[in-house]
Amino acid sequence: MQRVALGVYLEAVTVAKLLLSVQGLTKKFGGVKALSAVGMDVKQGSIHAVIGPNGAGKTTLINLITGRQRADSGRIWYCGGTIDNLSSEARARHGIVRTFQITSIFPSFSALDNAVLAIQAREGRNFGCWSPVRDDKGIQVSAREYLVQVGLGDHEDTHAAHLSHGQRRLLELAMVLATQPRLLILDEPMAGLSIAESKSMVELLGALKCENTLLMIEHDMDVVFSLADYVTVLDRGVAIACGVPEKIRSDIAVQKAYLGEVD
Ligand SMILES: Nc1ncnc2c1ncn2[C@@H]1O[C@H](COP(=O)(O)OP(=O)(O)OP(=O)(O)O)[C@@H](O)[C@H]1O
Ligand SMILES: [Mg+2]
């Protein structure tokens with residue numbers, strides 16, 4: 001990562017304990033301004049939710065942070081350095097990992113073998129040399145621990161294709177955790193889950209906060225307000241509010257823009 005002035009580093013990381021800070025992010029698609037000078041600070045060890053109506057710019061913001069898309073202007077700071085010039089692969093290597101967008105699960109492999117693969121990927125082994133993985137006891141033990149962590153301990157031998165939708169999401173989460181992310185980005189983690197599965201997912205994400213920093217797009221307001229430490233609200237590409245859930249709940253502009261009503 002590009003080195004930054006010591007003063008900026010201290011301000012961004014040591015004093016405010018920020019893991020991620022985006023400043024002035026702007027992105028246009030033709031005539032559509034998806035993001036207009038958006039700023040957002042994500043504190044280390046927090047759950048930070050990004051909410052907003054359809055088309056507000058949530059996914060675009062995440063795409064800019066992961067490096068999938070490039071901003072027209074603005075800066076992204078992470079761990080004390082700017083990452084604007086890093087590829088998405090390099091950002092992932094630095095621990096910015098996103099899940100629930102593209103399923104990376106191998107359906108014909110068992111849950112355990114999928115988790116093993118994720119650990120191997122973290123360790124930089126070649127996917128093409130997959131065959132001997134089950135001989136590596138250390139990796140298997142570790143993979144099993146990730147499955148247990150997400151509540152799939154009883155399903156290690158189940159082929160991923162035979163897991164329920166919710167279980168596949170949990171497996172995907174186990175695989176992402178196996179890469180040891182510093183900033184875990186969750187794109188609508190509750191989408192498509194049953195009520196019981198959502199409850200398990202909320203408990204799991206709440207528990208992850210102890211060791212991880214989570215940035216989450218979520219439409220379910222109950223989930224957002226029960227899990228998030230901080231919320232950024234986007235509306236038509238503008239960050240109209242940011243703060244703790246209680247502040248966001250009572251913010252008139254948010255009620256107007258997001259909920260479409262004011263008491
Ligand atoms: N690749 C693209 N090409 C053209 N327009 C795009 C592209 N991606 C996003 N947009 C537009 O940018 C705006 C923001 O889109 P974005 O997907 O970021 O919103 P969102 O908040 O994630 O919405 P949703 O809640 O529906 O997922 C929308 O008007 C959208 O149509
Ligand atoms: Mg979206």
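**Helix packing, a β-hairpin and the ligand shell**

In the predicted model, helix α5 (residues 137-149) and helix α6 (residues 165-178) approach each other with their axes within 9 Å and a crossing angle of roughly 130°. Because of this angle, α5 is oblique to α6. The crossing of α5 past α6 is right-handed. On the α5 side, the contact is formed by A143, Y146, L147 and Q149, and α6 contributes A174, L177 and A178. By class, the residues of this contact comprise six nonpolar and one polar, with no charged residue.

Strand β1 (residues 18-29) pairs with strand β2 (residues 32-43) in the antiparallel sense, and eight bridges join the two. Within this pairing, L18 lies opposite K43 of β2. The two strands form a hairpin in which two residues separate β1 from β2. One residue of the turn, G30, adopts a positive phi of about 60°.

The hairpin strand β2 also takes part in the surroundings of ligand 1. The shell around this ligand consists of F29, V32, A34, G52, N54, G55, A56, G57, K58, T59 and T60. Two elements, β2 and α2 (58-66), each supply two or more residues to the shell. The largest contribution comes from α2, which gives three residues. Classified by side chain, the shell around ligand 1 contains four nonpolar, six polar and one charged residues.

Notes. Residues are numbered from 1 along each chain as its sequence is written. Chains are lettered from A and ligands numbered from 1 in the order in which they are written. This is a predicted model: local features need pLDDT of at least 70, side-chain atom pairs count only at pLDDT 80 or more; totals for chains, interfaces and linings use all residues. Two strands pair if DSSP finds at least two bridges between them. Helices (H or I, at least four residues) and strands (E, at least two) are DSSP runs, numbered from the N terminus. Axes are lines fitted to C-alpha atoms, for helices over the stretch in contact, and angles run from 0 to 180 degrees between N-to-C directions. Angles under 35 degrees count as roughly parallel, over 145 as roughly antiparallel, 65 to 115 as roughly perpendicular and the rest as oblique. A crossing is left-handed if the near helix is turned anticlockwise from the far one by less than a right angle, and right-handed if clockwise. Two residues are in contact if their C-beta atoms, placed from the backbone, lie within 7 Å. Ala, Val, Leu, Ile, Met, Phe, Trp, Tyr, Cys and Pro count as nonpolar, Asp, Glu, Lys and Arg as charged, and the others, Gly among them, as polar. A residue is near a molecule or strand if its C-beta atom, placed from the backbone, lies within 6 Å of it.
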